[in-house]
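User: I'm new to looking at protein models and would love a slow, close look at one part of this one. Can you walk me through it?

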Amino acid sequence: MTTWRRKPANEPFAVDEVEARLKDELPAWHYEDGWIRRKYKTAGWKGTLMVVNTVGHLAEAAWHHPDLTVSYAFVTVKLQTHDAKGITEKDFALAKKIDEVLMWQPGRDADPVFEGTPDDPRFKYLKYE
């Protein structure tokens, strides 16, 4: 893994830096039309709402607001620092936090206290990678 030079929070990265950093740090995300994006697949409407609310909470707490595309079984998150007109450290930090929270699976912790949701389609809400 490459150690990236940290830039001031509002200084945009060049496109080649964004693409290299996504490949290295956030491989499920991609760069398209000035945004970094990720699609989260869900098991249906309930899961979609849970993803939207989680992303909303994290974004509001960070005071950095993504664009969302919401459908029955997926949520697409798009990040860009509008006032910097590009991708900044803020975008990478929020993308990492969103992934960290949404992809957490309690039953897979080294010493799990929480067992996680039952392995039953009725209780699934997010399609993990």
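In what order do the elements of the protein chain run from the N terminus on? And which residues of helix 3 make the contact with helix 2?

Analyst: Sure, let's start with the whole thing. You're looking at a predicted model, where local features need pLDDT of at least 70 and side-chain atom pairs count only at pLDDT 80 or more, while totals for chains, interfaces and linings use all residues. Residues are numbered from 1 along each chain as its sequence is written, and side-chain values use heavy atoms, with hydrogens and water left out.

The order from the N terminus on is α-β-β-α-β-β-α. That gives the protein chain 3 helices and 4 strands (DSSP runs numbered from the N terminus: H or I of at least four residues, E of at least two). The C-alpha trace spans about 45 × 35 × 25 Å along its principal axes. Among contacts (heavy atoms within 4.5 Å) with a separation of 6 or more, 60% are between residues 24 or more positions apart.

Now zoom in on helix 3, residues 89-102. Helix 2, residues 45-62, packs with helix 3 at an angle of about 140°, and their axes are 10 Å apart (lines fitted to C-alpha atoms over the stretch in contact, with angles from 0 to 180 degrees between N-to-C directions). So helix 2 is oblique to helix 3: under 35 degrees counts as roughly parallel, over 145 as roughly antiparallel, 65 to 115 as roughly perpendicular, and the rest as oblique.

On the helix 3 side, this contact uses Leu 94, Lys 97, Ile 98, Val 101 and Leu 102. Helix 2 brings Val 51, Thr 54, Val 55, Leu 58, Ala 59 and Ala 62. Sorted by type, the residues of this contact are 9 nonpolar, 1 polar and 1 charged (Ala, Val, Leu, Ile, Met, Phe, Trp, Tyr, Cys and Pro are nonpolar; Asp, Glu, Lys and Arg charged; the others, including Gly, polar).

Helix 3 also packs with helix 1, residues 15-25, at an angle of about 20°, with their axes 12 Å apart. Helix 1 and helix 3 are therefore roughly parallel. In this contact, helix 3 contributes Glu 89, Phe 92 and Lys 96, and helix 1 contributes Val 18, Arg 21, Leu 22 and Glu 25. Here the residues divide into 3 nonpolar, no polar and 4 charged.

To put the two contacts next to each other: helix 2 with helix 3 has 1 charged residue, whereas helix 1 with helix 3 has 4.
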